[in-house]
Amino acid sequence: MQQIELVPGGCREHAARMAAALARLDDVVVAAHANPDGDAVGSLAAAGHILRALGRRFMLYARPGLPRYLDFFTLPAPLYTSLERPPFAPRAALLLDCGEPERLGPELAALLPRLESVNIDHHLGGKGMGSVDNWVDPDAAATAQLVGYVALAAGLPLTGGLAQGVLLGLVTDTGGFAHGNTSAAVLALTAHLVAEGCDLADMRERMDNTWTLGHLHLWGELMGRAQLLEGGSVAFCPVYLEDFRRHQAFKEDLEGFVEHLRRLRGTRVAVLLREDAPERCKFSLRSFGPVDVRAVAVRLGGGGHRNAAGGTVHLSLPAAQAALLEAIRLEERERSAGAEEGPDVAKNPESGQKSCGSDF
Ligand SMILES: [Mn+2]
């Protein structure tokens, strides 16, 4: 297959435009959202390889660094977690898998107005914060998928570290090719990566089998604590600050836990609520099909995708729980009212299953 044929028709023009835009940037900070997930890290890596192939000077930036389960992953350049001593004075930024400057962290958000920037992202509601150009495609399963298309449009072969970056993003943001965003285009791109030498099983082995005993014990305790609320339609689990200390576990050890809450039969919305400070909680929401948890998250100042969303609220854990349940009730009420009135996304389960990331 001609490589460019891997890029869906609707993406070709964008990919070519992005490839041209990247070739014009130099002294580039390549950045992804803070607390980067697999797609953020994979996109960062793949983009670094593209810029190197284009002969551009770049640095990689993400706060506060790689999560431990991605320790194994080789980046094309050192990862900076601060902009205090950059290897060069940045003149441009390539912003990946991130829809708002705030999610880049305050340091880069403050610098951004002085940089030429390009934004490649797949978050719904992303405004496109690039000053030079933007490609925001909420139908893409992963930002790394789009970065892969940019590489192909630039005439670069998807091999080596570039291919590994694209694969990492695809594997993580599709939940191992299980979420509704696992399109034919995703599978075609993945088949190409595997044909070019990527080892899917090896990547899963290195990423998945990295737990500490504390991580396992934390999950055991949380599994025992999970509840069904709202007549069984909401699966809920709170996580307290002291849980991490007691089990010598880390916040990132919660990655994937909310997916297990969604496994409960009859659940429409899964809610993981993590206490980060006495008056600050992070929430992660999951749903399936037409149930729009992004709309719930937006009510509380968060965001994300239709089936995977989240945010932070400045409330105590019990108050945050009450606010979340109220937002879910309001959203369900509005959705059922909307469904009676006329066609909307609730009647089109296909559109409801498009996007599902893991960074919420
Ligand atoms: Mn993503």
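This report walks through the domains of a predicted model and one of its sheets.

## Two domains

Let's start with the overall division. The domain assignment splits the protein into domain 1, covering 3-208, and domain 2, covering 213-340. Taken over C-alpha atoms, the centres of these two domains are 27 Å apart.

Where the domains meet, 8 residues of domain 1 are in contact with 8 residues of domain 2. On the domain 1 side, the touching residues comprise 3 nonpolar, 4 polar and 1 charged.

## The annotated DHHA1 region

The UniProt annotation, from an unreviewed entry, places "domain: DHHA1" at residues 246-327. Over this stretch the chain is 30% helix and 30% strand. The C-alpha atoms at the ends of residues 246-327 lie 32 Å apart.

## A six-stranded sheet

Now for the sheet. Its 6 strands form an open sheet in the order 7-8-9-10-12-11, and the pairing is mixed. Strand 7 (227-229) and strand 11 (303-304) are the edge strands; each has a single partner strand, so one side of each has no neighbour in the sheet.

Further in, what joins strand 10 to strand 12? Strand 10 (residues 280-287) and strand 12 (residues 308-313) run antiparallel and are linked by 6 bridges. One pairing to look for in the structure is phenylalanine 283, whose bridge partner in strand 12 is glycine 311. As a general reminder, strands of a sheet pair through backbone hydrogen bonds, in either a parallel or an antiparallel manner.

How values were computed
Residues numbered from 1 in each chain as written. Predicted model: local features only at pLDDT ≥ 70, side-chain atom pairs only at ≥ 80, totals over all residues. UniProt positions renumbered as here; feature names shortened; annotations may be inferred. Helix = DSSP H or I, 4+ residues; strand = E, 2+ residues; numbered from the N terminus. Pairing = 2+ DSSP bridges. Domains from an automatic or database assignment. Contact = placed C-beta atoms within 7 Å. Nonpolar A, V, L, I, M, F, W, Y, C, P; charged D, E, K, R; others polar.
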